[in-house]
Structure formats: C-alpha cells, structure tokens
Amino acid sequence: MQKGNPTCFGKRPEVFRRGRCVVLCGGSGCGKSTLLRCINGLIPQFYEGDLKGFCRLAGKDTDGLSIGEIGELAASVFQDPRSQFFTVNSSNEVAFGLENHGLPQEEIRRRVDEAFRIFHLERLKDRNVYELSSGERQLISILSAWAMDTDIFLLDEPTANLDYAATQQLREILLALKQQGKTLLLSEHRLYYLTDIADEYWVMADGEIKGKYTAAEAKAFPAEQRRAISLRTLDLAEITVPEKLPLPENSADGA
C-alpha cells in the first residue's frame, strides 16, 4: 500500500492508510471475520457468499484479482494457524509462499533466515510445527506473512488460542511490524495488549461498522459507555477474575 492510496471496502468507503493499526471489535457474530474474508478474497472465492460493494488494496479492486494476487498485497493470519500450514517444518513453512511465487532459492533462504533473525525467533527454526505451542505456531504464521514482503497484515483474532505469555510475545511482534511501517487490520475481542499499538477501534454490529474511535477516545470512555458499544476494556488492570469458591467439606477431592 502506498501513501495516499487507501484501502477501502463497503458501499460507503471506509479507509485505513499505510502504517496504521485498526482494530475491528464488537460482539461475537457481528461480522469482523466476514469483513476480513471479503478483504482477502476468501469471500466469494473460497467461502460462498454474495459480495456487494467493493474493496481496494493499494488502489487495486480485489474483485478482479485471484487469491494469490491478493496475497501479494495483503498477508492473512488466521485464528488457528494450523488451518493455513502447508508443511510440517517451521522453516519450510516460512519459505512456502516464497517458493510458490518462484523466487530463487538463494533469495528464499535469505528471507527465511532474516525473518527468524529480525524477530529473535531463531529457536523456532527447523521445528515440527505440530510440536510447537499455539503461540509459537501463531508466530510462525506471522513470519510466513512477513517473508512475503507485503505491507498489509490482516489478522483474525490472533490471540483466540493464546495464553497471557504468548499474547505478550505476539504484542511485541505486532509492535515491531508497526515500527517497520506495516499496516495492521485486526479483528479482536481482547484489546488490552493493543493499547500502545492500535490507532483506531472500529466497532461492528449486525455486519456494519457502527462507530470509529481513536485510541485516545476509546481509552477515555467510561466502563458503562464501553459496554454499551461492546468495546472491551483497554486496561488489563480493570480485568478481574472471580475468586474460586471453596470445595464442600465432603468433596471427593478432600477425601
């Protein structure tokens, strides 16, 4: 995506520009994942659906592009990275897209090595992806996307299967991508880890974008207003976990 060349979608153009991080949020079933699938071409090329309106990536209408061509403009990272793995070896997985695009072997090796090195993930090289944790597999999927040298990253609830530690590691990777000037569009329920990364929060409901808020606006909302628009807290300190009730004295666990 080039400066001044926004990405648009919908009947009324919604625009996000280069180097920005936009978070799609809202309740389950509001349309976040569907919107991402329209942008990356999975609807209607893979999932059935009647796509109306338009989407442009880097000024190109995606309606006339194949999924492969769209993939050269925007990289997708799904909730469960296992659904997008094509190989068993982590290094081969990072190389897979590059091989499909016919890059010379020397260039492929350079990009793969650089991906692991830049993000300090050399420990994940040449590993069986199915022996990695959910968080580590998610990192491999992001490295695969980065190696393709796209400017746009589309992430569909990337923390859905991650614990706190893995979420924090993902946060560092996303922050690094933004510092590199990459454009990030995420659908998310968890928002606290994006506090220093997100520029805007777009709240969806019934398949439409109902509100667009800057990071400062969203952070200033009182709890009651956030609940009214299905916007979760941006402050981890506000998240509480109910205390576990004690087991009855005659519980089998206490026998």
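Helices (H or I, at least four residues) and strands (E, at least two) are DSSP runs, numbered from the N terminus. The model treated here is predicted, so local features need pLDDT of at least 70 and side-chain atom pairs count only at pLDDT 80 or more, while totals for chains, interfaces and linings use all residues. Residues are numbered from 1 along each chain as its sequence is written, and side-chain values use heavy atoms, with hydrogens and water left out.

**Exercise 1. Backbone geometry**

Task: Locate D126 and D149, and state the sign of phi in each.

Solution. Begin with D126, which is placed in the loop between α5 (105-118) and α6 (134-147). Its phi is near 50°, a positive value in a residue other than glycine. D126 counts as exposed because its relative accessibility is 53%, where exposed means over 50% relative accessible area, buried under 20% and partly exposed in between (1.4 Å probe, protein chains only). Next take D149, found in the loop between α6 and β7, where phi is near 65°, again positive in a residue that is not glycine. A further backbone feature is the cis peptide bond from I43 to P44, with omega near 10°; P44 belongs to helix α2 (residues 42-45).

**Exercise 2. The open sheet**

Task: Give the strand order of the open sheet of 6 strands and identify the strands at its edges.

Solution. Two strands pair if DSSP finds at least two bridges between them. On this basis the order is β6-β7-β8-β3-β9-β10, with mixed pairing. The edges are formed by β6 and β10 (208-214), each of which has a single partner strand, so one side of each is left without a neighbour in the sheet. From one strand to the next the twist averages 20°, with axes taken as lines fitted to C-alpha atoms, for helices over the stretch in contact, and angles running from 0 to 180 degrees between N-to-C directions. Finally, β6 and β7 run parallel and are joined by 4 bridges; the bridge partner of A74 in β7 is I152.

**Exercise 3. Enclosed and open space**

Task: Describe the largest cavity and the largest pocket by volume and lining.

Solution. On a 1 Å grid over the protein atoms alone, a cavity is a set of points where a 1.4 Å probe fits but cannot get out, whereas a pocket is an open set with protein on both sides within 12 Å along at least five of seven lines; lining residues have an atom within 4 Å of a point. Grid points are joined across faces, edges and corners, and a volume is the space filled by probe spheres set on the points. The search of the whole structure yields 1 cavity of 30 Å³ or more, and the largest cavity has a volume of about 50 Å³. Its lining includes L36, R37, N40 and D156, and α1 (32-39), β6 (74-77) and β7 (152-156) each supply at least two lining residues. The largest pocket holds about 880 Å³; of its 30 lining residues, I67, S76, F78, Q84 and F86 are the closest to its centre.

**Exercise 4. Cysteines**

Task: How many disulfides are there?

Solution. Apply the criterion that a disulfide is a pair of cysteine sulfur atoms within 2.5 Å; the count is then 0 disulfides. For C30, the closest cysteine sulfur is that of C25, at 8.1 Å, too far for a bond. For C55, the closest is that of C38, at 8.1 Å, which is also too far for a bond.
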